[in-house]
Amino acid sequence: PPRNFETGRLHPISQTTYKIIEIFGNMGFSVKSGPDIETDFNNFTALNIPDHHPAREMQDTFYLSNPESIPIDNKRLEQWKNIHQHGGDTGSIGWGGEFSNDIAQRGLLRTLTTVNTVKYISENPNKPCRVFGIGRVFRNESIDRTHLPEFHQIEGIIMEPGANLPMLVTTLKTFYEKMGYPEVRVRPAYFPYTEPSLEIEVKWRGKWLELGGAGIFRPEVTEPLGISSPVLAWGMGLERLAMLV
């Protein structure tokens with residue numbers, strides 16, 4: 001791990017990472033990881049983000065020229081085409097519009113680590129799990145006090161029968177309390193892949209600071225994978241948390 005050459009101490013990001021791994025490990029979670037390069041399908045399509053969603057605009061995502069395209073199984077493409085356009089068998093009416101196989105197979109630098117957890121549960125749809133990961137993500141952003149083009153995300157899920165919103169909120173509050181922030185609140189939010197959705201805030205120097213988002217995966221995400229249990233999910237920014245610590 002990177003250390004300060006003068007003091008020999010671990011880099012603050014590494015210190016925070018190890019602390020997070022220890023906390024979630026003690027809470028019964030295992031670690032999962034994945035590649036930086038992904039398909040548009042895994043990064044957006046499988047998370048119920050349609051072709052015309054603003055998150056797909058070029059100023060947000062680094063699309064690649066090599067590999068420009070990564071093949072996706074035609075059966076999976078047709079399955080999600082039905083979900084996006086008509087809602088499939090989920091009870092949703094879908095997004096409407098057109099679904100492009102070419103767009104779904106584009107190569108990109110992942111914009112969120114949620115792709116890792118979705119891929120994991122797609123391979124283990126009937127296996128209850130508690131997993132998390134910490135990985136780099138990339139956004140085509142201008143650098144300012146709240147944005148970076150490259151940063152790290154902490155991602156986690158709980159998939160098991162009976163999982164519910166109070167369980168999700170309690171898990172997040174327990175995590176932040178162990179990180180040294182006992183005052184935690186959540187408020188309603190919107191994400192295309194969770195419902196209900198919420199944002200997590202902690203009290204810092206007398207003010208509420210937003211640190212991440214969370215929710216329960218929508219049927220449009222889980223039903224095509226053959227998952228029947230609720231999936232609780234959350235994502236947090238590592239750098240912001242490291243600065244607080």
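This is a short tour of the fold, the salt bridges and one surface patch in a predicted model.

**Overall build**

Let's start with the whole chain. It has 245 residues, and its radius of gyration is 18 Å; a compact globule with that many residues would come out near 18 Å, so the two agree. Along the principal axes, the C-alpha trace spans about 55 × 45 × 30 Å. The secondary structure adds up to eight helices and nine strands.

How much of the chain is buried? Buried residues account for 46% of the 245. The chain exposes about 12500 Å², and 51% of that comes from carbon and sulfur atoms. As for contacts, take those between residues at least 6 apart in sequence: 66% of them join residues at least 24 apart.

**Salt bridges**

Side chains of opposite charge can pair when their charged atoms come close. This structure holds 11 salt bridges, including the ones below.

| Pair | Closest N and O atoms |
|---|---|
| Asp36 and Arg110 | 3.4 Å |
| Arg185 and Glu201 | 2.6 Å |
| Glu199 and Arg187 | 2.9 Å |

Asp36 and Arg110 form a salt bridge that links distant parts of the chain, 74 residues apart. Asp36 sits in the loop between β1 (30–31) and β2 (37–39), while Arg110 sits in the loop between β3 (107–109) and α5 (114–123). Is each partner buried or exposed? Asp36 has 23% relative accessibility, so it counts as partly exposed. Arg110 has just 2%, so it counts as buried. The pair also belongs to something wider: Asp36, Arg110, Arg136 and Glu150 are linked in a network of salt bridges.

Now for the strands. Arg185 forms a salt bridge with Glu201. Arg185 lies in strand β6 (residues 184–191) and Glu201 in strand β7 (residues 194–204), so this pair ties together parts 16 residues apart in sequence. Glu199 forms a salt bridge with Arg187. Here Glu199 is in strand β7 and Arg187 in strand β6, so the parts tied together are 12 residues apart in sequence.

What about cover for these residues? Arg185 is partly exposed at 36% relative accessibility, and Arg187 is partly exposed at 36% too. Glu201, on the other hand, is buried, with a relative accessible area of 5%.

**A nonpolar patch**

Which residues make the nonpolar surface patch of about 260 Å²? They are Tyr18, Ile21 and Val31. Ile21 lies in helix α1 (residues 12–26). The relative accessible area of Ile21 is 33%, so this residue counts as partly exposed.

Notes. Residues are numbered from 1 along each chain as its sequence is written. This is a predicted model: local features need pLDDT of at least 70, side-chain atom pairs count only at pLDDT 80 or more; totals for chains, interfaces and linings use all residues. Side-chain values use heavy atoms; hydrogens and water are left out. Patches are made of residues with over 30% relative accessible area and no salt bridge: like charges are joined within 9 Å, nonpolar side chains (Val, Leu, Ile, Met, Phe, Trp, Tyr) within 5 Å. Accessible areas come from the Shrake-Rupley method with a 1.4 Å probe; for residues, only the protein chains shown count as cover. A salt bridge is a side-chain nitrogen of Lys or Arg within 4 Å of a carboxyl oxygen of Asp or Glu. Helices (H or I, at least four residues) and strands (E, at least two) are DSSP runs, numbered from the N terminus. Buried means under 20% relative accessible area, exposed over 50%, partly exposed in between (1.4 Å probe, protein chains only). The radius of gyration is taken over C-alpha atoms; the globule rule is 2.2 Å times the number of residues to the power 0.38. Contact means heavy atoms within 4.5 Å.
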